[in-house]
Every structure is written in C-alpha cells, then in structure tokens.
Amino acid sequence: MFDPTPSNGLDEVEYVELYNASPYDFELSMLRLADSKTDHHLPVGVFSSGTYLILASGPIASDTSVYWFSEFPSLNNQGETLYIMSMDGDTIDFVAYTLESYIFSKKKNGGYSIEKLELLDTCITWRWHASLADEGGTPRAAKQCQ
C-alpha cells in the first residue's frame, strides 16, 4: 500500500505485505527492506513458514501483529522498486511498481494496494494489479486470479 490516502476503509498507513512460502522460519532481524535510497534492518521477530507478515509505517488498528517501525521507508506514490534482502545483500524478492501497476485507472488516486495475485506466479493474464476489495486491500488474505 504505497498511497493509502484517501482511505477506502483501511487505516491510512503505508505497508508491505510478505508471505513466507518457504518451509523455513526466518529471524526478521536477518532481513532488510530497501528501496533506491534507503536500506533498513527489520525488527526482531520470527517470520514463520506459511504465514503472512505486514511491515508498516505505523500501527494498524485492526491488526496487533503488524510489525511497524519508525525507519519504515517512505513509499514513492509515482513508483519505485522495493527489495527484501538478506544481511549479505542478496535479493530475496522485489517489486517494481508504478501508477500503471493499478491496471484500473479509477484506483490511481490512492486508497488501494497493489496485490500479487498468485504467490507462485501462475496467473496467466498479469501478476499485479489494484486490490479488488472494496476497502482497498486484503492484508493477510490469500489472493486469487480474477
């Protein structure tokens, strides 16, 4: 969620949602969140196998398990590339987004997250687009191809 304003029902907080598709648990503090200008160590905690994790710029009222920290990078509304990296600098995953990532032009004014529709890249038509949820996003919910 790089442009949470105006809200469609979710808190007006920038966030990045991750899914651990591996069979392993990870210590969060061994990972980094980076963009072209900043590189931040994640807070101490466990990222369990088969679970979702939300990293946010502030608390999200509806979810007490969100990891939020003051060094969360400011997400550029026009687009950028975000990376999850190991402490050694290896890229684990990334997303490059622009306003065109929304696909639906009426959602480009904010309040909608972009979502990866299939975790294993099995969508035939596209990988990312604006959330179809009325509230603007579906944190922690499995995504399906539409």
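Is Ser7 buried, exposed or partly exposed? With a relative accessibility of 30%, Ser7 counts as partly exposed, because that value falls between the 20% limit for buried residues and the 50% limit for exposed ones. The legends below describe this residue and other parts of the structure, which is a predicted model.

**Figure 1. The chain as a whole is built from strands.** The secondary structure comprises eleven strands and zero helices. Along the sequence the pattern therefore reads β-β-β-β-β-β-β-β-β-β-β, as helices and strands are numbered from the N terminus. The chain has 146 residues, of which 43% are buried. Of the contacts with a separation of 6 or more, 57% are between residues 24 or more positions apart. The exposed area of the chain is about 8,100 Å², and 53% of this area is supplied by carbon and sulfur atoms.

**Figure 2. Ser7 lies in the segment before β1.** Strand β1 spans residues 15-19, and Ser7 is placed in the segment that precedes this strand. A polar atom of the Ser7 side chain is 2.9 Å from the backbone nitrogen of Gly9. Tyr112 is 105 residues away from Ser7 along the chain, yet the C-alpha atoms of the two residues are separated by 7.9 Å.

**Figure 3. Strands β1, β6 and β7 form an open sheet.** The order of the three strands is β1-β6-β7, and their pairing is mixed. Both β1 and β7 (67-68) are edge strands, each pairing on one side only. Strand β6 covers residues 52-56 and runs antiparallel to β1, to which five bridges join it. Within this pairing, Leu18 has Leu53 of β6 as its bridge partner. In general, the strands of a sheet pair through backbone hydrogen bonds, in either a parallel or an antiparallel manner.

**Figure 4. Arg32 is a buried residue of strand β3.** Strand β3 consists of residues 31-34 and contains Arg32. The relative accessible area of Arg32 is 12%; this residue is therefore buried, as the value is under 20%. The side chain of Arg32 makes a polar contact of 3.0 Å with the side chain of Asp39. A polar atom of the Arg32 side chain also lies 3.1 Å from the backbone oxygen of Met87.

**Figure 5. The surroundings of Arg32 include residues from other parts of the sequence.** Leaving aside residues up to four places away in sequence, Arg32 touches Asp39, His40, His41 and Leu42, together with Tyr83, Ile84, Met85, Ser86, Met87 and Gly89. Among these residues, Asp39 is joined to Arg32 by the side-chain polar contact.

Methods
Residues numbered from 1 in each chain as written. Predicted model: local features only at pLDDT ≥ 70, side-chain atom pairs only at ≥ 80, totals over all residues. Heavy atoms only, no water. Helix = DSSP H or I, 4+ residues; strand = E, 2+ residues; numbered from the N terminus. Buried < 20%, exposed > 50% of the residue type's maximum accessible area, 1.4 Å probe, protein only. Polar contact = N/O pair within 3.5 Å; in protein donor to acceptor, adjacent residues only side chain to side chain. Contact = heavy atoms within 4.5 Å. Areas by Shrake-Rupley, 256 points an atom, 1.4 Å probe, with all protein chains shown as cover. Pairing = 2+ DSSP bridges.
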